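Biologist: I am new to this structure and would like to get to know one part of it well. Could you take me through that part slowly, and then show me where it sits in the whole?

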2 protein chains.
Amino acid sequence: MQLENANDDQLRQWEQELSTEYQHILEQNLKLDLTRGKPSTEQLCLSDTLDGILKGNYCTANGTDVRNYGGLDGIEEMRQLGADILGVEPTEVLAGGNSSLTLMFQAMQHAVQYGFAGEESAWKNTTGAKFLCPVPGYDRHFTVCEQLGIEMITVPMTATGPDMDEVEAMIAHDKRIKGMWCVPKYSNPTGVVYSDETVERIAKLGNIASSDFKVFWDNAYAVHDLSETPQTLASIMDYCRQHGTEDSVLQFASTSKITLAGAGVAFMAGSQANLASFKKALGTSTIGPDKVNQLRHARFFPDMATVNKHMQKHAAIIKPRFSSVLRHLENAFANSELGHWENPKGGYFISFDTRPGLAKTVVMMAKEAGVVLTPAGATFPYGNDPEDCNIRIAPTVPSVEEVDGAMKVFVNCVRLASVRQALEK
Amino acid sequence: MQLENANDDQLRQWEQELSTEYQHILEQNLKLDLTRGKPSTEQLCLSDTLDGILKGNYCTANGTDVRNYGGLDGIEEMRQLGADILGVEPTEVLAGGNSSLTLMFQAMQHAVQYGFAGEESAWKNTTGAKFLCPVPGYDRHFTVCEQLGIEMITVPMTATGPDMDEVEAMIAHDKRIKGMWCVPKYSNPTGVVYSDETVERIAKLGNIASSDFKVFWDNAYAVHDLSETPQTLASIMDYCRQHGTEDSVLQFASTSKITLAGAGVAFMAGSQANLASFKKALGTSTIGPDKVNQLRHARFFPDMATVNKHMQKHAAIIKPRFSSVLRHLENAFANSELGHWENPKGGYFISFDTRPGLAKTVVMMAKEAGVVLTPAGATFPYGNDPEDCNIRIAPTVPSVEEVDGAMKVFVNCVRLASVRQALEK
């Protein structure tokens, strides 16, 4: 379907055909859901041996009884695992509770209220403190900024990460910019992996930015590859060491999409100065994380080889779903101007851009037809996608058949909305 | 030993005898610890069947798969258990993560920053916001206030709870008082159980206090009885309903000292308005608590009868340690003016008051002799015990023999410090 070369008769004919198809879909009373980036039941079952894995042995390698209070840093085994996942030293890792989102919130709150380098560095001292948000991005990151009163400034994503020319220019000219959100590998939702050059340029921001600048590096999909030859992500901390900017980056990860969603172990990594400052405040609100669950994970994953083998099982479950989405998009929209998308090699999402002004309409039409999509705009700060074009597709939870059914509806809705828009012009 | 009737010769003789005894103690190179209110290994072993209890069945009674994301309230089974422990309705309970301290911190932070009844009710709007702290009390409560910039005002504890005449007078005259810490059952450290009259008077504070007033009711030892005929605590929420003050109380509890310390389930209870407001903010920083661990606890404790039976096993382990402490205190100081203490019927502590001005000296002397006690002053806001007399004794972790050995040292130190003080006068 090439809208550009179509005359009004052709457009009207397409509109009629697609409307008829949409009516048939409505009659099917579908109930399908492509909204949530969460694991399917099949994936969760991969970790069923976690419960009971301790077999009465509650001691870590260094002899700590994990059943009792204490240990704000988490157990050594899990700090090592976090270090391996994030490419840092174990002494630079805090292994926490069940949520990296909680660690991110607490870290930003710490930066706002108390400051990572003492009271003078608290962002609350800066009227109009701002944060850079590559878009499209992750809605829960945006909500954290909003809750903490940090203004969000968007930066476009490219195929190699955020547009670094723009990032550097903004940071150099505005010291009220206190940091930037990054999902550096299989970015939510575009699936982009930041190039080595991008990672190095981000590591160097600490030298041009405000001294209290912090990159929030949410490496949520560090080991979530769908390809057998995954694109590797450079270690930002290694670049920071080269450029003397170790204090400018805070990293996050969790096992939520490795073992159990909401019952895993979250990690925060940073320079020892950053961790020491954070822990001083954290110790007011907790005596320590659930070390019993940490030890379960340590027994389940004695090393990274075990993690990688485990992730291949996830990939085997997820890949057919991603393939189904991509096949539908390819068949319907290749060589058309009706949409753009990335072909991600990992992560949980496929990001689709409609023609400008159509995302909300498509999401609404799909919903009426029984296919729930993430609300249009959710991938932008304040829910405001200025082009109204981005839709995040999350295919992991439905079965392959359900993904197939949902994508038929999606394709119909995109086509129909596009034709109607063309007719109105 | 009656210092009052002793002449200087007698005092000097006692000083010499006690010093000799202290020297002998020093030579023993003891290493004993009465500092931490945490369970002993024997107690932790009572919950060893938690790990593996799920046996592959991850569904709650209502069919929720606990392995996936979601459910900020916690699972229904645990909300019911929390309701039973705290004397409220399940709809008034949030079952959270592994730490009630975290919930208390988050709740106070919410009150300060956002307000439980909208922005206008945020405590940050009040310059010089204050909190009442019955003393002696729990140091971690005080740290939460300090971290959040809330000034602390002390109120004396009596044998029936905080001095309510004083509490009511202060609240009536100062609307900057935003709340009060309470450990209503087996109070940390005095072991006092609040009387029904005290509970009702606290429930009525909402009618005389500032409209954003919140009692933080930390019922940490709700089921931690050492007696077979425990003193019961009235339900404060029932009194609140009578007096129309449901929004003025937030309750907290956890299973940390029921199952595993730091790997249990924490509860927060409040009016539905309070919970709704709290959850709206909480949802920014987490997708939900570890429901897998909640389900383990629900299977372990199908009802309150199971909880109570389990707590009797704890009591059997703890009681001999408490008895040893009390026997030593009784033998050494009954009918003397050298110290005062309560005989707690539950909880984790025995609170001992030396003669004024001696707590720091006694703690230091005991430390030099190899017996670590909680730092003097820790039971008061800002670490400041104006009389320098309160010492918290926590006997659960050491063995009975170790408690016995430590108390011999403690008694010697109290006597020696008291005699030396008398000689200086």
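**A close look at domain 1**

Modeller: Gladly! In chain A, the C-alpha centres of domain 1 and domain 2 lie 31 Å apart. Please keep in mind that this is a predicted model. Domain 1 of chain A is written in two pieces, 3-43 and 308-424, while domain 2 covers 60-302. Where the two domains touch, domain 1 of chain A brings 24 residues and domain 2 of chain A brings 25. On the domain 1 side, α11 (304-333), β11 (350-354) and β13 (390-393) of chain A each supply at least two residues. The biggest share comes from α11(A), with seven residues. Sorted by character, the domain 1 side of this contact has twelve nonpolar, seven polar and five charged residues.

Two of those elements, β11 and β13, lead us to a sheet. In chain A, three strands line up as β10-β11-β13 in an open sheet with antiparallel pairing. Its edges are β10 (339-341) and β13 of chain A; each has a single partner strand, so one side of each has no neighbour in the sheet. On average, and ignoring direction, neighbouring strands here are turned by 25° against each other. Let us zoom in on one pair: β11(A) and β13(A) run antiparallel and are joined by four bridges. If you would like a spot to click on, try A:Asp353, whose bridge partner in β13(A) is A:Asn390. A helix belongs in this picture too: α12 (359-368) of chain A lies across β11 and β13 of chain A, at about 40° to β13(A).

Now look at the other copy. Chain B has an open, antiparallel sheet of three strands in the order β10-β11-β13. There, β10 (339-341) and β13 (390-393) of chain B are the edge strands, pairing on one side only. In chain B, four bridges hold the antiparallel pair of β11 (350-354) and β13(B), with B:Asp353 standing opposite B:Asn390. Chain B also lets us add α11 (304-333), a helix lying across β10, β11 and β13 of chain B and running at about 20° to β11(B).

Let us step back to a whole chain. Chain A has 13 helices and 13 strands. Its C-alpha atoms fill a box of roughly 75 × 55 × 35 Å along the principal axes. For 425 residues, a compact globule would have a radius of gyration near 22 Å, and the 23 Å of chain A agrees with this.

Finally, how do the copies fit together? Chain A is superposed on chain B by a rotation of 180° with 0.0 Å of shift along the axis, at an RMSD of 0.0 Å. The two copies are thus related as by a two-fold rotation axis. The residue of chain A that comes closest to this axis is A:Gly52, with its C-alpha at 1.7 Å. The contact between the chains takes 36 residues from chain A and 36 from chain B. On the chain A side, the elements giving two or more residues are α2 (41-44), α4 (100-113), α5 (139-147), α9 (272-285) and α10 (291-300). That side divides into 13 nonpolar, 16 polar and seven charged residues. Since 100% of the interface residues of chain A are also interface residues in chain B, the copies meet through the same surface.

Notes
Residues are numbered from 1 along each chain as its sequence is written. Chains are lettered from A and ligands numbered from 1 in the order in which they are written. This is a predicted model: local features need pLDDT of at least 70, side-chain atom pairs count only at pLDDT 80 or more; totals for chains, interfaces and linings use all residues. Copies are superposed by least squares on the C-alpha atoms of residues with pLDDT of at least 70 in both. Two residues are in contact if their C-beta atoms, placed from the backbone, lie within 7 Å. Ala, Val, Leu, Ile, Met, Phe, Trp, Tyr, Cys and Pro count as nonpolar, Asp, Glu, Lys and Arg as charged, and the others, Gly among them, as polar. Domain bounds come from an automatic or database domain assignment. Two strands pair if DSSP finds at least two bridges between them. Axes are lines fitted to C-alpha atoms, for helices over the stretch in contact, and angles run from 0 to 180 degrees between N-to-C directions. The radius of gyration is taken over C-alpha atoms; the globule rule is 2.2 Å times the number of residues to the power 0.38.
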